[in-house]
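User: I have a model open and would like to know what the terms used for it rest on. Please take me through them.

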2 protein chains.
Amino acid sequence: MSTDMSKVKALTFDVFGTVVDWRTSVILEIESTLTAANIEGIDAPAIADDWRAGYPRVMNEVREGARPWAPLDTLHRAILDEDLVPKYGLQPLAEEQRANLNRAWHRLDPWPDAVEGLTRLKQRYILATLSNGNVALLVNMARYAKLPWDAVLSAELFGHFKTDPEVYLGAARLLGLQPHEVMMAATHAGDLRAAAANGLRTAYIPRPLEWGPDRPQPGKREDDAFDVEAEDFVDLAEALRAR
Amino acid sequence: MSTDMSKVKALTFDVFGTVVDWRTSVILEIESTLTAANIEGIDAPAIADDWRAGYPRVMNEVREGARPWAPLDTLHRAILDEDLVPKYGLQPLAEEQRANLNRAWHRLDPWPDAVEGLTRLKQRYILATLSNGNVALLVNMARYAKLPWDAVLSAELFGHFKTDPEVYLGAARLLGLQPHEVMMAATHAGDLRAAAANGLRTAYIPRPLEWGPDRPQPGKREDDAFDVEAEDFVDLAEALRAR
C-alpha cells in the first residue's frame, strides 16, 4: 500500500448500489404499489431496472442543458411519469400512489455488511455520502437504514452530478480537506476513475448482486488501479485499519 | 399550542451558544495555548469574549462586500490575527499554535442537556444544524461532542450568513420541506425572528450562562412570541412530545 493512504481523513461513499441494494427494495415497493392498485401481470423487476437505467439518461439531459437542474427526486418522478407509466400501463396509479412510489428511493435497505462496516470505519474516519441523490433523499434513507454518516454530501450542493469534477472537489472543500485526504468508496469504476482524476484516493467494493442474480455487474476494467479493493465494508474497515 | 406544530418534521439548530458552551471551551484552549507558549498574565476570558464579539463584525463586512465570502474558520483566524494578537500581545504564538488555537472552535463541549435532548428529539424529528459555522467545523464538532445530527447544514452551503433569508429557506429546500414544516431552535432571539419572518416555526431556549456567570445573556424582547419556549433540550423534547 502507498504511504499516501495514511493521510486519508475522510471517506466519501457512493450510495445507490454501493451502500444500499436499491434493486431488491424498489422491486418490493413496486409490487406492493401495483397490488394495492389492482394492476396485475406486471414485471416489477423490469420496471425497477428501467427506472434505474433511466437515471443516467435524464442526468445527461441536465448536464447538456436539455433539462433544467433538478434534484434526483424530480428526475426519478420524470422517469416514472414519462417512461414507466406509458410503457407498463401504470396509468391507474393515482397521484398519491405515484408520489409514494417515487419515495421508495428514500427507503432502500443497506447491503448486509454496510451498517457494521460503516460503524467500524467511523471510529477512524469522517464518513460522508457523496451521491447524486438529493439531500432530503439521503437524510431520509439514513434514518430509515440507520446509516451513521457524519455528513450528508450530495450533488445537489454543487449543482453538478457525478462524474463532474465539481462534486469531488466540492466535497473535499466542504470537509476542509485536500483531495488526497479524501477516499471515494464506490462499486462503480467510472465514479472512482473520476474521483482519482480529481486527486482523491479510491476504494473499490464490488457488489455483484447490484443488478440481480441474473445480470452481472459491469465491474471494473483490467487497467483500473484503485488504491484499495475490498469485498465489502467490513473488509474495507479491516483493510484500512491494517495500516 | 397551535395545531400547526403538528406539521413540524425537522428541527434546525443554531449551534454556538445554543448547543455548545463555546465560552468555557475556548477559554480552556486559550489558557493551555498561552501556557505552552510561556505567555503570562493574560485574561483568557477577555480574549474569548473579544473573539466571539468580533464574529458578527467580520460577518457584516462579508455581508456588505468589504470582505470576500469566507468560511467561518477563515473569519475566526482573521479576528485572531488582526485583532487579538496585537491587542493582547500574542505575537509569540507560532503559526502552528495559532492554527491549532483557531480550531478550538471545532472542539466545543455541549451544554449538559444537549446530547440527551437531541437523542430524544431524533426519535421524532429530523435534526440538522443551521449554523454560520462552516461544514468542516460542524462535522468535527459533532464527532468531538457526539451530537447526533441527521444533516449538517451551514451558511456555507448558501453563501449567506444568518440572518439572511437564503439560509432559512435553503435549509427547508434541502430537507425537502416547506418552511412551516421546519422549526428553528436557538438561544438568540434575532435568529428566531428571522426564521419566523421566513415562515419557519421557532423554539427559544435560554442559555443564561452563554456569556459567563457575570454577564447576562441579552435574552428576548417582551414582544417576542416564539412557538415554543423550553428550559433546555430535554425540556424541548418533553414539550414537543406532548403534542
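Analyst: A residue is called buried if 20 or more other C-beta atoms lie within 10 Å of its own. The model here is predicted, and in helix H3 of chain A the residues A:Leu72, A:Leu75, A:His76, A:Leu80 and A:Leu84 are buried.

User: What do the buried residues of H3(A) pack against?

Analyst: They pack against three helices of chain A: H2 (44-63), H4 (95-102) and H6 (135-145). Packing here rests on contact, which means C-beta atoms within 7 Å of each other.

User: Where does helix H3 of chain A bend, and by how much?

Analyst: H3, residues 72-88, bends by about 35° at A:Leu80. That angle lies between axes fitted to the seven residues ending there and the seven starting there. Just after H3(A), A:Gly89 has a positive phi of about 65°.

User: Why does the radius of gyration of chain A agree with a compact globule?

Analyst: A compact globule of 243 residues would have a radius near 18 Å, and chain A has 18 Å, so the two agree. Of these 243 residues, 44% count as buried.

User: How many residues does each chain give to the contact between chains A and B?

Analyst: Chain A gives 13 residues and chain B gives 13 residues. On the side of chain A, the largest share, five residues, comes from H6(A).

User: What makes residues on that side of chain A nonpolar, and how many are there?

Analyst: Ala, Val, Leu, Ile, Met, Phe, Trp, Tyr, Cys and Pro count as nonpolar. By that class, the side of chain A touching chain B has 10 nonpolar residues, beside one polar and two charged.

Key
Residues numbered from 1 in each chain as written. Chains lettered and ligands numbered in written order. Predicted model: local features only at pLDDT ≥ 70, side-chain atom pairs only at ≥ 80, totals over all residues. Helix = DSSP H or I, 4+ residues; strand = E, 2+ residues; numbered from the N terminus. Buried ≥ 20, exposed ≤ 12 C-beta atoms within 10 Å, placed from the backbone. Contact = placed C-beta atoms within 7 Å. Rg over C-alpha atoms; globule rule 2.2 N^0.38 Å.
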